[in-house]
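Before reading on, please bring up the chain and keep its sequence beside it. The paragraphs that follow go from backbone details to side-chain contacts, and then to the pairing of strands.

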Amino acid sequence: MSVLSSGEIRRGLLRRFGAVGVSVCLCALLGLGGCSFGEEAPAPAISDAAAPTADDAAGMEYSKDKEAAISTDPAFELLSDPRLQGSLCVIEYLGNSVAFIADDQVIGRIPVGVNPACVVSSEDGNQVYIANSGNGEVVRLTLGESPAIDKARIGTQPMALALDEDQGLLYVADYHLNSIRIVDTQLMSLVGTVALNPSGYESREVAPPCCSDPLDGTVMTGRKPLSLALSPDGAVLYSANIGTYDVSRVDLDAREELDPFDGVIGSWGIALSPDGARIALAGVGSELVESSELLIMDASDGTVVSRIPVGAQVSAVAWSADGSTVAATSRADGVLALIDGETLELRGTVVLEAGLAAVVLSDGGSEAYAVNSSSGAVFVVDTESLAVVDSIEGLVDPRFAAIVGSGE
């Protein structure tokens, strides 16, 4: 395995990732084949109850395991390591683990559960949350002097997370149940559910004939929420839905869905500008519908503001916390595109390698970290010079990454 050797990545990783008060996770799901989850369960009704009802999602169990999800000494020793502050936390989907990169190397791994798909970090870096798509759990890692690993069973297939630290709430997109789960981050307990409407934009209920479910190959029904973005004020949650290729908007005060926006075929990634005015939407298309442009929309009404060429299968997008830079990846062409966050002009592209599944930007947008799920590599790119600074190899099917808070 090659390791990072440049001091530039250390500086990049010490910058916080995400807007103030809000951490958003965008899940790169490309290539998730061979997973069958049975027949479609009925979507639950909207619930504001402090605990789930007995008839919610037939047969589901919701509980908080007070004991650590994993109690091995090496895991707790790693969580106590001060180098985790500012590190890059990488989801390893087939490895059922998260890997932490610091000091120019992978300093350790923690097994977290079945098929982790998404990770977000608190701003101070004291907590890291992981969505396990294979067993319906959300895992919380507590870092520092009092390390802990806690878990909550919150659904069937959590695929995306959005963290509102001001409210102490974690929003979880359940792909299989077509709903948004609401978790109290202090209690690690389910406190509400918002079922997405059965039909989406223009009464869409089933994906077009070209498009099958990436999880099991069947014709998609239901909304199939796949990635989330939270408005800066915490009032509206946006969900990119692959089943109805649209964007849901959830009023979080009323806990109900507003009218959705049109989207793109194969919508796998969504990001909001720091001021909440614009939506960036990545779509991989399908076997019959080509997608090679990043869609920029007005967040107030869904109007398309710009279409930016990226490359075949736009698999992921990120917006820097200062608003200066947008990064997007092309899965098929292996391209990382850098875009001016204000003018929306394409600054340039970097050809890496096919298989790019996720991208993370440093707080100031000066470094981009492109994750390749096929090769198991993370590329570090200087967004000004468009030079590849370094790369890390040997990761186990990395699908997503997040920068752990700087501790400020």
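A residue is called buried when its relative accessible area is under 20%, exposed when that area is over 50%, and partly exposed in between. The model shown here is a predicted one, and that should be kept in mind for each distance and angle discussed below.

With that cut-off in hand, Y245 can be placed: its relative accessibility is 18%, and it therefore counts as buried. Y245 belongs to the loop between β15 and β16, the latter strand covering residues 246-251. Its backbone deserves a look as well, since Y245 has a positive phi of about 35° although it is not a glycine. Most residues other than glycine have a negative phi. R255 also has a positive phi, of about 55°, and it is not a glycine either. R255 sits in the loop between β16 and β17, where β17 comprises residues 256-262, and with a relative accessible area of 16% it counts as buried.

Two aspartates offer a way into the polar contacts. D233 is located in the loop that runs between β14 (225-230) and β15 (236-241), and because its relative accessibility is 62%, D233 counts as exposed. The side chain of D233 makes a polar contact of 2.7 Å with the side chain of S231, and the D233 side chain also reaches the backbone nitrogen of A235 at 3.0 Å. Farther along the sequence, D233 and D164 are 69 residues apart, while their C-alpha atoms are separated by 9.2 Å. D382, by contrast, is part of strand β28, residues 377-382, and is buried, with a relative accessible area of 17%. A polar atom of the D382 side chain lies 2.8 Å from the backbone nitrogen of E384.

Charged pairs come next. Side chains of opposite charge can pair when their charged atoms come close. How many salt bridges does a search of the whole structure find? The search finds eight, and among them is the one between the side chains of D81 and R83, with an N to O distance of 2.8 Å. Within this pair, D81 counts as buried because its relative accessibility is 17%, whereas R83, at 33%, counts as partly exposed.

Another salt bridge brings together the side chains of K151 and E137, at 3.5 Å from N to O. This pair links distant parts of the chain, with K151 in strand β9 (residues 148-153) and E137 in strand β8 (residues 137-142), 14 residues apart. K151 is partly exposed, with a relative accessible area of 22%, while E137 counts as buried at 12% relative accessibility.

A further salt bridge is formed by R223 and E257, whose closest N and O atoms are 3.1 Å apart. R223 lies in the loop between β13 (189-195) and β14, and E257 lies in strand β17, so the pair ties together parts that are 34 residues apart in sequence. Both R223 and E257 are buried, and salt bridges that share partners join R223, D246 and E257 into one network.

Turning to aromatic residues, the count of aromatic pairs comes to zero. An aromatic ring does, however, have a charged partner: R399 lies over the face of Y93, at 4.5 Å from the ring centre.

The last stop is a sheet. Strands of a sheet pair through backbone hydrogen bonds, either parallel or antiparallel. Here four strands form an open sheet in the order β5-β4-β3-β30, and the pairing is antiparallel. The edges are taken by β5 (105-111) and β30 (398-403), each of which has a single partner strand, so one side of each is left without a neighbour in the sheet. On average, and with direction ignored, neighbouring strands of this sheet are turned by 25° against each other. Between strand β3 (residues 88-92) and β30, which run antiparallel, there are five bridges. To follow this pairing by eye, the reader can begin at V90, whose bridge partner in β30 is A401.

How values were computed: Residues numbered from 1 in each chain as written. Predicted model: local features only at pLDDT ≥ 70, side-chain atom pairs only at ≥ 80, totals over all residues. Heavy atoms only, no water. Buried < 20%, exposed > 50% of the residue type's maximum accessible area, 1.4 Å probe, protein only. Polar contact = N/O pair within 3.5 Å; in protein donor to acceptor, adjacent residues only side chain to side chain. Pairing = 2+ DSSP bridges. Axes fitted to C-alpha atoms, helices over the stretch in contact; angles between N-to-C directions. Salt bridge = Lys/Arg side-chain N within 4 Å of Asp/Glu carboxyl O. Phe/Tyr/Trp six-rings, centres within 6.5 Å; stacked < 30°, edge-to-face > 60°. Lys NZ or Arg CZ within 6 Å of the ring centre and 35° of its normal.
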